[in-house]
Amino acid sequence: MSSSAETIARAAREAANLMQTITSSQKSAVLKRIRQVLEERKDQIIEANKQDQEAAQKEVSAGRLSSSLFKRLDIEGAGGQKFAALLQGVDDVDKIADPIGQVTLARKLDNDLAMYRVVCPVGVCLVIFEARPEVVVNIACLAIKSGNAAILKGGKEASRTNQILADTIQHAIATTPMQGEGLTKFPERAVQVVTTRDEISSLLDMDKYVDLVVPRGSNSLVCYIQNNTRIPVLGHADGICSTYLDADADPRKAVHVVVDAKTSYPAACNSTEALLVHSSVADTVFVEVAKALLAKGVRMHVEDRARAAIEKAGIDSNAVSKLVTSATDADFGHEYTDLDIAVKVVDSLDDAIDHINAHGSKHTDAIITESRRNADWFMRRVDAAGVYWNASTRFADGFRYGFGAEIGVSTNKTHARGPAGLESLTIYKYYMFGNGQASTDYGVGDGKRSFLHEDIPLDSVRDKFVL
């Protein structure tokens, strides 16, 4: 066991314990200071990021780094849009109501005996991610707002950016003025960064200190984490999203939604990877969608009936020869993270649903239809964290959901599911207020008391324990 890793984990546990008594105003002050220092150090951060990109480009050219990971590395964005969104994300997290201390259930068990279910932090969160250096800021801010301590490990391809962002956050925490006398000092080790694989291997064994692991990255990364720790894991191994063109699909909506779902950011886990087409619209709606996808340079992996529809429509033969290939069975369970899409024609709505449940990854799936009945059937039967009607799968994102930021997307069926924001870093504990009662005071027989079990109106106690 790495002594360095244990020191980090122990410090995180101590910070998490202290975070339980940090007030909402203290959290807000720290978040505002983080945003301020990020803006002050923007030029240095972008310069470090450019150095990471230059080094990563060489790795891509040498075949040691995927192009999809490289695309996720940029922190500035066109015209500075990504960095501006990063700053906006800090503001958005700050504006979210502090969930810690809120009462979600209140019950009077007896006179002078009351029970409250109260939101509290998870504790220590270990977040392991590839590329996407903005994750450092996103996770740090969500952890601070939710009263957790975070240990972050980014990929080596973004090492310079990750380090300067971590230094910026720790400097902001250390230089935030105290918000009043008698308050717990905000723990500077609430956000820590580790740099080596050995430390991660050791931390995955430390369920004594670490409460939750959040892996963000490739299938191999997530599977490795899931198979090598006893600590609960929140995340998803694949983002195999499907869009289904129903018999009642509107052509305009179909083109607009599918093109966005596939081409707006192909490297994202919420990008559509499979297109299912009802046979009755293969020669009509699908043809229009196919033309639009080919015009965007999308490589289409099609089964026989989809190919027949394309050829019958007389779509540009040059584009077809370059971009249309025959699909294999493996294409329908594959996460491309690029300008590729698998296409299959089906004979019914149920066939589409069965295909998605068999080949998807329970991430996000969409139906394009004007039939409310078909949409409802699809949304009830598809087993995924997100099911959409006439909307792009690219909406599966914490920022777009109004969560301020996200720690990742979960396909789990416990604790958190879908884009996981602030709420996903919280659990609850039960507060009991008595007046000397014992459990044996209650029951059936002489001298025994009966429970009242009367619900207390939440509106009267919701913020009872918020600091």
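This report describes the pockets, the cavity, the aromatic pairs and a few individual residues of a predicted model.

**Pockets and cavity**

The largest pocket has a volume of about 1200 Å³, and its lining is made up of 49 residues, with Arg132, Glu134, Arg216, Tyr265 and Asp397 lying nearest the centre. Two or more lining residues of this pocket come from each of α4 (67-71), α5 (81-95), α6, β6 (212-216) and β14 (408-410), and the largest share, five residues, is supplied by α5. By class, the lining of the largest pocket divides into 19 nonpolar, 17 polar and 13 charged residues.

The second largest pocket holds about 580 Å³ of space, and of the 25 residues that line it, Lys153, Gly155, Lys156, Glu157 and Arg197 are the closest to its centre. The elements that contribute two or more residues to the lining of the second largest pocket are α3 (42-61), β3, α8 (197-203) and α9 (219-227), and by class this lining has ten nonpolar, six polar and nine charged residues.

The structure also holds one cavity of 30 Å³ or more, and the volume of the largest cavity is about 30 Å³. Its lining consists of Cys125, Val127, Ile139, Ala143, Ala150, Val214, Ile407 and Leu425, with β3 (124-129) and α6 (134-145) as the elements that give two or more residues to it. In contrast to the mixed linings of the two pockets, the lining of the largest cavity has eight nonpolar residues, no polar residues and no charged residues.

The volumes and the class make-up of the linings are set side by side below.

| Space | Volume | Nonpolar lining residues | Polar lining residues | Charged lining residues |
|---|---|---|---|---|
| Largest pocket | about 1200 Å³ | 19 | 17 | 13 |
| Second largest pocket | about 580 Å³ | ten | six | nine |
| Largest cavity | about 30 Å³ | eight | no | no |

**Aromatic pairs**

The structure holds eight aromatic pairs, and two of them are described here. In the pair of Tyr116 and Phe465, the ring centres are 5.4 Å apart and the planes stand at 75°, so the arrangement is edge-to-face. This pair links distant parts of the chain, because Tyr116 lies in strand β2 (residues 113-121) whereas Phe465 lies in the segment after β17 (454-455), with their positions 349 residues apart along the sequence. Tyr116 is buried, with a relative accessible area of 9%, and Phe465 is likewise buried, with a relative accessible area of 18%, a value that falls under the 20% limit used for burial. Tyr116 and Phe465 also belong to one aromatic cluster, together with Tyr431 and Phe433.

The rings of Tyr244 and Phe378 have their centres 6.5 Å apart and their planes at 15°, so this pair counts as stacked. Here too the pair links distant parts of the chain, with Tyr244 in strand β7 (residues 241-245) and Phe378 in helix α15 (residues 372-381), 134 residues apart. Tyr244 is buried, at 0% relative accessibility, and Phe378 is also buried, at 0% relative accessibility.

**A buried threonine in α7**

Thr161 lies in helix α7 (residues 159-174) and is buried, with a relative accessible area of 0%. The side chain of Thr161 makes a polar contact with the side chain of Asn49 at 3.2 Å. Leaving aside residues up to four places away in sequence, Thr161 touches Ile45, Ala48, Asn49, Asp52, Ile75 and Pro133, so that Asn49 appears both as a touching residue and as the polar partner of this buried side chain.

**Loop residues**

Most residues other than glycine have a negative phi. Lys362, in the loop between α14 (349-359) and β12 (364-368), has a phi near 65°, a positive value, and counts as partly exposed at 31% relative accessibility. Asn390, in the loop between β13 (386-389) and β14, has a positive phi near 55° and is partly exposed, with a relative accessible area of 22%.

Asp205 lies in the loop between α8 and β6 and, at 42% relative accessibility, counts as partly exposed. The C-alpha atom of Asp205 is separated by 7.8 Å from that of Ile231, although the two residues are 26 residues apart along the chain.

Note on methods: Residues are numbered from 1 along each chain as its sequence is written. This is a predicted model: local features need pLDDT of at least 70, side-chain atom pairs count only at pLDDT 80 or more; totals for chains, interfaces and linings use all residues. Side-chain values use heavy atoms; hydrogens and water are left out. Helices (H or I, at least four residues) and strands (E, at least two) are DSSP runs, numbered from the N terminus. Buried means under 20% relative accessible area, exposed over 50%, partly exposed in between (1.4 Å probe, protein chains only). A polar contact is a pair of N or O atoms within 3.5 Å; within protein, one must be able to donate a hydrogen and the other to accept it, and residues adjacent in sequence count only if both atoms are side-chain atoms. Contact means heavy atoms within 4.5 Å. On a 1 Å grid over the protein atoms alone, a cavity is a set of points where a 1.4 Å probe fits but cannot get out, and a pocket is an open set with protein on both sides within 12 Å along at least five of seven lines; lining residues have an atom within 4 Å of a point. Grid points are joined across faces, edges and corners, and a volume is the space filled by probe spheres set on the points. Ala, Val, Leu, Ile, Met, Phe, Trp, Tyr, Cys and Pro count as nonpolar, Asp, Glu, Lys and Arg as charged, and the others, Gly among them, as polar. Rings of Phe, Tyr and Trp (its six-membered ring) pair if their centres lie within 6.5 Å; planes under 30 degrees apart count as stacked, over 60 as edge-to-face and the rest as tilted.
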